[in-house]
Amino acid sequence: MTSRLPAWMLTTLSLPRLRRYIRAARGDARTASRLYWWNVEVSAALFGPLHCLELALRNALHETLARHHGRPDWWTVAPLSERGVKLVDDAHRSCRRRLSRTTADDVVAELSFGFWVSLLSHASGYDRSFWVPALHQAFPHYRGRRRDLYDGLSSLVLLRNRIMHHEPVHHRDLAADHAKIYRVLGYLNPELAKEAQAMDRFPAVLADRGDVLRGTRPPQF
């Protein structure tokens, strides 16, 4: 079956990577190829909303903790876990390698989406030391439980990381993922959620999945 895939595709993209699409296409080479390119297209469509979510989340959490602790480098006094301290130290080192002078904003930008989401977990007493006294204020339009918010964001970290590492996401419930992104954006800032939706290509890409896989429409990048 792999012999029916273009030789350049097997060589450049590698058979181990393509096997996951071949299995999903039940051995049909043409469908596997189309599924691969649709995965690229849908990943690109999700990048914009995820971009907005990651920036909004980190800025909201940072500003809330800076205000709570009375300093922009709040991580120097906040009760971070050992893992959290390591991630901040790594961010500092990365900034120092690139910049002659490192500011708190530089460190904030260097810290990963996963780091910010971890602040909403219950690990190392984060519920009492972060959520209760401060971080619930970062979500002015949310009235639910911290755990539900954390679980939803954790699944979006996995989605974001798969997209950024060029992994398959076609097998996920992407409609549910997309809705989750906008729910959390709405908790943070409804105006941003509305603006992000205005440029969002995802609904059209998802609706065209069947046509792409049947070969009646090529992916649109």
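## Helix α3 and its neighbours

Let's start with one residue: Thr31 lies in helix α3. Keep in mind that this is a predicted model.

User: Which residue, 183 residues apart from Thr31 along the chain, has its C-alpha atom 7.2 Å from that of Thr31?

Analyst: Leaving aside residues up to four places away in sequence, Thr31 touches Ala25 and Leu213. The C-alpha separation of 7.2 Å, across 183 residues of chain, belongs to the pair of Thr31 and Arg214. The residue you want is Arg214.

User: How are α2 and α3 oriented to each other?

Analyst: Good one to picture! Two packed helices are described by the angle between their axes and the distance between the axes. Here the axes of α2 (residues 15-24) and α3 come within 8 Å and cross at roughly 115 degrees. Angles of 65 to 115 degrees count as roughly perpendicular, so α2 and α3 are roughly perpendicular.

User: Which residues of α3 make the contact with α2?

Analyst: The crossing of these two helices, α2 and α3, is right-handed. On the α2 side, the contact uses Arg17, Leu18, Tyr21, Ile22 and Ala24. On the α3 side, the residues are Ala32, Leu35, Tyr36 and Asn39.

User: How many residues of the contact of α3 with α8 are nonpolar?

Analyst: From α3 come Ser43, Leu46, Phe47, Leu50, Leu53, Glu54 and Leu57, which meet Leu153, Leu156, Leu159, Arg160, Ile163 and Met164 in α8. Sorted by class, this contact has 1 polar and 2 charged residues, and the nonpolar ones number 10.

User: Are α3 and α8 parallel, perpendicular or oblique to each other?

Analyst: Their axes are 10 Å apart, and the packing angle is about 130 degrees. That angle is over 115 but not over 145 degrees, so it falls outside the perpendicular and antiparallel ranges. The two helices, α3 and α8, are therefore oblique.

User: What span should the 19 residues of helix α8 have?

Analyst: Helix α8 covers residues 146-164, and we count 1.5 Å a residue. The expected span is 1.5 Å times one less than the number of residues. The end C-alpha atoms of α8 are 27 Å apart, which agrees with the expected span of 27 Å.

User: Which helices are among those covering the buried residues of α8?

Analyst: The buried residues of α8 include Leu149, Leu153, Leu156 and Ile163. What covers the buried residues includes α3 (29-69), α6 (113-118), α7 (126-131) and α9 (174-188).

User: Which residue just after α8 takes a positive phi?

Analyst: Look just past the end of α8, where a phi of about 60 degrees turns up. The residue with this positive phi is His166.

Key: Residues numbered from 1 in each chain as written. Predicted model: local features only at pLDDT ≥ 70, side-chain atom pairs only at ≥ 80, totals over all residues. Heavy atoms only, no water. Helix = DSSP H or I, 4+ residues; strand = E, 2+ residues; numbered from the N terminus. Buried < 20%, exposed > 50% of the residue type's maximum accessible area, 1.4 Å probe, protein only. Contact = heavy atoms within 4.5 Å. Axes fitted to C-alpha atoms, helices over the stretch in contact; angles between N-to-C directions. Parallel < 35°, antiparallel > 145°, perpendicular 65-115°, else oblique. Nonpolar A, V, L, I, M, F, W, Y, C, P; charged D, E, K, R; others polar. Left-handed = near helix turned anticlockwise from the far one by under 90°.
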